[in-house]
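Biologist: Hi! Could you walk me through this one?
Modeller: Sure, have a look.

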Amino acid sequence: MYRSHVLVCGGTGCTSSGSMQIMKTLQEEIDKNGLHDEVCVVQTGCHGLCALGPIMIIYPEATFYSMVKQEDIPEIVSEHLLKGRVVTRLVYNETVTDEGIKSLSDTEFYKHQHRVALRNCGVIDPENIEEYIGTGGYEALGKVLTEMTPDQVIQTLLDSGLRGRGGAGFPTGLKWKFAKANDADQKYVCCNADEGDPGAFMDRSVLEGDPHVVLEAMAIAGYAIGASQGYIYVRAEYPIAVARLEIAIQQAKEYGLLGKDIFGTGFDFDIGLRLGAGAFVCGEETALMTSIEGKRGEPRPRPPFPALKGLFQKPTILNNVETLANIPQIILNGPEWFASMGTEKSKGTKVFALGGKIHNTGLVEVPMGTTLRQVIEDIGGGIPNGKKFKAAQTGGPSGGCIPAEHFDVPIDYDNLISIGSMMGSGGLIVMDEDNCMVDIAKFFLEFTVDESCGKCTPCRIGTKRLYEMLDKITKGKGTLEDLDKMEELCYYIKENSLCGLGQTAPNPVLSTLRYFRDEYIAHVVDKKCPAGVCKALLSYVIDADKCRGCTLCARTCPNNAIEGKVKEPHIIRQDKCIKCGACMEKCRFGAISKK
Amino acid sequence: MKTLEELRAIREKMQGRVGMRAEDANQTRVVVGMATCGIASGARPVLNTLSEAVQTRKLEHVVVTQTGCIGLCQYEPIVEVIEPGKEKVTYVKMNPEKALEVVDQHLIRGHVISEYTINSVASDK
């Protein structure tokens, strides 16, 4: 029994900033001070505040140390763990007040959050099944198997109003109901952990921080629809998640929580892992199942829907990681509890991955219906460097941009669709006045062109042509006619593509055309990029009044495009300038600007 | 594992451990002075005894933590019990046995053991 627990974040963010080494040093220091019987070190999943990693929390005081360095460890051990003196200079500065250290749950970042799917992330050791059981884990599975019929389980989900968190928002209970209704000798439960949207990492965090919740929910799903086999399709680029899932499956089998005759009820359920090679299209349900079957990951037309003919032509349900993470809590706390959170048509909470131009990059979980303003300003801490908010991108390459005028719209599935974006898996990329919206649209199109599987023409050729038009505009060669043609092509691709990838690929273009048409027109008519991003439309110039002739820029320029004599104003030769911006960064007098 | 009872037994066993990581404004805080003076007069076994007793007795509303020197070195080891909405109680010259009494009498039953508090010890002299 330990008097103090030191939780070190072992999520991908903190691991890449050195938390594993920190953990090792910490254990060494604890041993050196003879505290190994009193203090335990626990490796957890993500705490959400990735911007401040590596993160370390010391309980029972719940002291939150952020951006911990290895050389700080001896001080933390001898001061805090031995003598009980908090090392204030290393504590997350928002928790330091005149009256002492305030609780983490009182900080702006955590105070507005409501953690359901992430409830164990950063709290338990994901590699120890007993810690999961200690927080009530596997109790929902026990309840379902001993007290509920499959129909009651499905009814509970229907009553809770849970909708798929992978993006489309299909009611989870309904999906299960369809699969249960189809009789077959074998059915399957699949978990979609092929998180592919650039900037989205909530599923990875759940898998890394609380893998057992996914296993438990899949077993519940298996019982509800009558399946005895499950598959988790996870991308191989998530090595920590894969390793923890392997450990979790192994432990669940050892404890008899997966396998034959679970809880002595005669219910069998097993789970296998399948690693994806990182193709975006494999996040689409039919392509994912084709890939599990060992074939090339390409989508096929629906119907038949997976609930009738899915994996290996058998009835199958496919749920996203975050969706599954909600289910044991719904079973234990009841559907009314879940339905009491959120808006009329979107119940519960949603996890968002905050990224881009925002102070607190990381993971947040808020009730549905929270406004963008609350997420970005209150929790996210606003935009750095006093810049102005321009737009937020949700839904990745399938979604769109939400402009400042919709800052106060409550976020839920239907509201986002009506303003031309979508929930998607929950990536939220914040953009400020330095982001060019045409360039953003081009970035996402470049992604979909790369990731289109090529099976259907509208997507394979359509996205490529769309990309070429955007490219033309960013180079200042577009015409107003191109804008109309682009819109027409967007609708054509949406209407005719085979799967979700193509059907949503034009969304970034359509939404930026809708809200930021003036920026497109500036590129086309004035041949200017207002945000100063599109290189072809920029020129770097030296202000002769400010230039002291120090020659630093001329020496910095990689292409010898700057000419001038010492102590005389220099000039940039536009024909040679490659617009790398190196001179502007180096100039000490602020004499160089881009126009 | 074949029964729900076995699952609940593991949960019971682990509850004290994961319960330590909950945050609650209504917690009772038990603070042990762990500066050089405290450690020298035996605060560490006191701290460990308190922490273990609180976890085995599943007192989820109680947090056992340390603090530095509070300036009364001659009375160490010092244990302070801070309950929300109540006056702080300061126990002095503690040892593991006395600490267990504090857990059973004060933390569980709510009776302050006045003979161990600073008021009675200081007034003896």
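Modeller: One term up front: two residues are in contact if their C-beta atoms, placed from the backbone, lie within 7 Å. This is a predicted model, where local features need pLDDT of at least 70 and side-chain atom pairs count only at pLDDT 80 or more, while totals for chains, interfaces and linings use all residues. Residues are numbered from 1 along each chain as its sequence is written, with chains lettered from A in the order in which they are written.

Biologist: Great. Which residues is Leu50(B) in contact with, leaving aside neighbours within four places in sequence?
Modeller: Val30(B), Val32(B), Val64(B), Ala99(B) and Val103(B).

Biologist: And how many residues does the largest nonpolar core have?
Modeller: That core has 203 residues, and Leu50(B) is among those with the most contacts inside it, as are Cys190(A) and Val79(B). By nonpolar core I mean a set of buried Ala, Val, Leu, Ile, Met, Phe, Trp, Tyr and Cys residues joined through C-beta atoms within 7 Å. Buried means that 20 or more other C-beta atoms lie within 10 Å of the residue's own.

Biologist: Which helix gives the largest share of this core?
Modeller: Helix H10 of chain A, residues 211-225, with 11 residues. Helices here are DSSP runs (H or I, at least four residues), numbered from the N terminus.

Biologist: New topic: is H13(A) mostly covered or mostly uncovered?
Modeller: Mostly covered, with 11 of its 13 residues buried. Glu322(A) and Asn326(A) are among the buried ones. Gly334(A) follows H13(A) and has a positive phi, near 90 degrees.

Biologist: Last one: how many residues of chain A are in contact with chain B?
Modeller: 32, and they meet 27 residues of chain B. H5(A) supplies the largest share of chain A's side, four residues.

Terms used:
Helix = DSSP H or I, 4+ residues; strand = E, 2+ residues; numbered from the N terminus. Buried ≥ 20, exposed ≤ 12 C-beta atoms within 10 Å, placed from the backbone.
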